[in-house]
Every structure is written in C-alpha cells, then in structure tokens.
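Subject: Structure handover

Hi,

Here is the structure I promised to send over. Have a look at it first, and then read on for what turned up.

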Amino acid sequence: LLESGRASEFRFARALRPLALFGFVHGVHEWFEMFQIFAVRTLAYQPGPVAETFRLLTLLASFLLLLIFGVRLLPGAEQRPGREVVQVALMALLWAIAVAFVAWQYDATWPQIWAAADVLARYGLAIPGSALAALALIRERHDFHARGMSQYGRSLLWAAVAFLVYGVFGQLFVRSSLIFPSQTINSAMFLRIFGIPIQLLRTVSALAITVALGSALRAFELESRLRLARANKARIEAQAAALEAQQRRANEVEALNVRLSATATELSAMVQLSHILTSTIDLRRMLGSALYQIVHSFERACCSII
C-alpha cells in the first residue's frame, strides 16, 4: 500500500492498491475464520447469521479486489480506466445470482446457503482472480526485462507461481457443500491426504507471495534512483544550455553595442563635416578642417588632402 503511492512508469504500480487492500481484507477474513474454528472445536460455538454474513462479505470483497488487480494489468486496461470495477461488479452479481439459485433449487437451510456461498466465491472468484493475477504478473516481467531489471522480473515469476498455488490449488479444497465437486474434493479430503489443514497451504502461499512481491517492489527504488539521475543530468544539461545561450546573447549585445557605437561615431562625424562644409568658402581651410575632423573621429584613420 505504501508503494502504491509512487510515481512510476511501471503499469504494475497502478494495480498495487487493490492488491494491498486484498491482503488487508482477506487477512481479516482469515483471522476471523480461524477464531471461528477454534470456538467451534473448543466451545461448541455455532456461527450465527451476523458472524457468517460478515465472514462471507469480507471473503467476497477480498476476492473482488484480487480480480480488480488482475484486470487492471490486462492489455489495454490503461485506456479504459474504471472499466475493471464494472466488470468485477458483474462477476459479483453473477455470484449472488448463483447463490440465490442454489438456495432455491435445493431449498437449502441457512448453514447450507452460507457454505454454498463460500464455495461459489472460491470457485467463481478466487480461482479466476488468482489465475488472472498470475498471468498478469508473468506478463509484467517483460516490462521489467525491457528496463534492464530482470532480477526483479524473476521475483514476479515466483509471485505468479505462489498465486497459482494459493488460488488454483488452495481454493480448490473448500468446505463441503451442496456445490459439486465440494462433496468430495474438500478441506477434509486434503487433511486426510496430506495430514495438514488447507489453511496452512494457503498461509505458506500467501507468505511466498509477500516475499516475492516485496523483492519485486525494490525495482521501484532502483527506478527512482535512475529517474533522479536522469533528472540531475537533464538539469545540468539545461543549465549548460542556459549559460551557453546567455553567453551567446551577451556576445550579440556586445557586437550590437560596437555597431551602434560605430554608427554613432559616423553620424557625429557626418554632422561635424556638414558643419565644416557650410562654415567657410575657403577651400584650403575647409579641407584642412575636414581632414582634422576625420582623423580625430575614427581610430586608425589614414587621411590626406588630394
């Protein structure tokens, strides 16, 4: 979430906020469900409507945020800002219709509806969302490679693999419900086969996602340093160009001043000569005065009377 505020040229950066929110919201769901499991096993607790509704809403919201993350990284998504919200909202509507259909088709009780809603959210939202996120991360590797950051691209690949394990495999083993094939392929089956709860696999996968993405996000620090270096180089070049332009303008002004000074001297000499030529009719005196004026008006002037 902190990294999502960076000004970055990576498309990956604009999708970080929904990914971070997915982590927060899904974490709330996991902790809440964990305490529910403890209470059921130790205190004979049975979840009520309010608790189950809250758990399902946090589960649904987290998977929708994961879908937004994946959709934002699809090709051409930047040309259609906000489109992903509409697409994900339609998927949420389809999930609600599916839950309502199951409740009507099986005349299900509330515990059966809650279980079916949980399973449908994992089948219909979590698995596609995780697969989409993995494909998007694999696609983003090309952007990292193009910028000479292949080492961070490998971290994205590991994050993509972890997303596939978490979503496609981890969300396949759900609680038993009315939905096929959860009657057979469920968390109880996973526990019998592997001897560990499916929640442990999801936790390890989530940890791998966190570590891999944390490594990949260091590319933003390198990008910031490179951008700062380019900005400093551009600033120095701009300063040099400004100094060169200033020197060029100074030279032009100096040359103009010289020309203006020469022109002023010429005009002054012409005025004085005009005065001399009209002040006397004595030819020798007139030419002598004119010669004297010319010699003293112009530097390096070589004159004589012919």
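Let me start with a charged residue: R122 has a relative accessible area of 2%, so R122 counts as buried (buried means under 20% relative accessible area, exposed over 50%, partly exposed in between, with a 1.4 Å probe and protein chains only).

Before going further, some ground rules. This is a predicted model, where local features need pLDDT of at least 70 and side-chain atom pairs count only at pLDDT 80 or more, while totals for chains, interfaces and linings use all residues. Residues are numbered from 1 along each chain as its sequence is written, and side-chain values use heavy atoms, with hydrogens and water left out.

**Salt bridges**

What does R122 pair with? Its side chain meets that of D118 in a salt bridge, at 2.8 Å from N to O (a salt bridge being a side-chain nitrogen of Lys or Arg within 4 Å of a carboxyl oxygen of Asp or Glu). The two sit four residues apart in helix α4, which means about one helical turn separates them (helices are DSSP runs of H or I, at least four residues, and strands are runs of E, at least two, numbered from the N terminus). D118 is buried too, at 1% relative accessibility.

D118 also forms a salt bridge with R55, with the closest N and O atoms 2.6 Å apart. R55 lies in helix α2 and D118 in helix α4, so this pair ties together parts that are 63 residues apart in sequence. Like D118, R55 is buried.

There are six salt bridges in the structure. Another one joins E33 and R175, whose closest N and O atoms are 3.1 Å apart. That pair links distant parts of the chain, 142 residues apart: E33 belongs to helix α1, and R175 to the loop between α5 and α6. E33 is buried at 5% relative accessible area, whereas R175, at 28%, is partly exposed. Salt bridges link E33, E52, R55, D118, R122 and R175 in a network.

**The nonpolar core**

The largest nonpolar core has 53 residues, and those with the most contacts inside it include F63, W95, L137 and F163 (a core is a set of buried Ala, Val, Leu, Ile, Met, Phe, Trp, Tyr and Cys residues joined through side-chain atoms within 4.5 Å). Its largest share, 16 residues, comes from α4.

F163 touches L19, L66, S130, A133, A134, L137, V168 and I209, leaving aside residues up to four places away in sequence (contact means heavy atoms within 4.5 Å). With the same exclusion, H26 touches L59, S62, F63 and Y166. H26 is found in helix α1 and is buried, at 6% relative accessibility.

**Helix α5 and the surface patch**

A quick geometry check on α5 (residues 150-169): at 1.5 Å a residue, its 20 residues should span 28 Å, and its end C-alpha atoms are 28 Å apart, which agrees. The expected span is 1.5 Å times one less than the number of residues. Among the buried residues of α5 are Y152, L156, F163 and Y166.

On the outside, a nonpolar surface patch of about 1100 Å² includes L135, W158, V161, F169, F194 and V204 (patch residues have over 30% relative accessible area and no salt bridge; like charges are joined within 9 Å, and nonpolar side chains, Val, Leu, Ile, Met, Phe, Trp and Tyr, within 5 Å; areas come from the Shrake-Rupley method with a 1.4 Å probe, and for residues only the protein chains shown count as cover). The largest share of the patch, five residues, comes from α5. V161 is found in that helix and is partly exposed at 38% relative accessibility.

Cheers
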